[in-house]
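Student: I'd like to look closely at one part of a protein, please. Go slowly, since I'm new to this.

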Amino acid sequence: MIPRHQAERRSLPRKILLGLAILSYLAAVGSGAAAWWYQDQPQEIVGSLMASIVFFAGVGVVLHVLANASLPDLRVKR
């Protein structure tokens with residue numbers, strides 16, 4: 001969980017990354033539901049849906065880490 005003072009300072013790109021991470025997690029859940037729904041179909045369909053779960057979950061983790069990264073100020077001060 002992010003401390004409250006950090007969540008208030010979140011910039012627009014970081015908010016967008018967090019939203020995309022949540023969408024990616026939802027896509028992974030949707031792929032899992034579709035894999036369960038189509039479990040009686042050919043194995044290629046179910047296999048591709050299960051691969052989609054891994055892909056979307058991985059993308060979600062990466063975007064979530066980027067959205068919550070605490071980076072130092074790297075600007076040159078004069």
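Student: Does Arg10 count as buried or exposed, and why?

Tutor: Before we zoom in, keep in mind that this is a predicted model, where local features need pLDDT of at least 70 and side-chain atom pairs count only at pLDDT 80 or more, while totals for chains, interfaces and linings use all residues. Residues are numbered from 1 along each chain as its sequence is written, and side-chain values use heavy atoms, leaving out hydrogens and water.

Now to your residue. Arg10 counts as buried because its relative accessibility is 11% (buried means under 20% relative accessible area, exposed over 50% and partly exposed in between, using a 1.4 Å probe and protein chains only). Arg10 sits in the loop between α1 (4–8) and α2. Along the sequence, Arg10 and Ala67 are 57 residues apart, yet their C-alpha atoms are 8.5 Å apart in space.

Let's step back to see where that loop belongs. The protein chain has three helices and zero strands (these are DSSP runs numbered from the N terminus: H or I of at least four residues for helices, E of at least two for strands). Of its 78 residues, 14% count as buried.

Just after your loop comes helix α2 (residues 12–37), whose axis comes within 8 Å of that of helix α3 (residues 43–68), crossing at roughly 160°. Those axes are lines fitted to C-alpha atoms, for helices over the stretch in contact, with angles running from 0 to 180 degrees between N-to-C directions. So α2 and α3 are roughly antiparallel to each other (that label needs an angle over 145 degrees; under 35 is roughly parallel, 65 to 115 roughly perpendicular and the rest oblique). Sorted by class, their contact has 20 nonpolar, seven polar and one charged residues. Here Ala, Val, Leu, Ile, Met, Phe, Trp, Tyr, Cys and Pro count as nonpolar, Asp, Glu, Lys and Arg as charged, and the others, Gly among them, as polar.

Two serines in α2 let you see this pairing up close. Ser24 lies in helix α2 and counts as buried because its relative accessibility is 5%. Setting aside residues up to four places away in sequence, Ser24 touches Phe56, Val59 and Gly60 (contact means heavy atoms within 4.5 Å). Ser31 is in helix α2 too, and with 8% relative accessibility Ser31 counts as buried. Its contacts, again without neighbours within four places in sequence, are Leu49, Ser52, Ile53 and Phe56.
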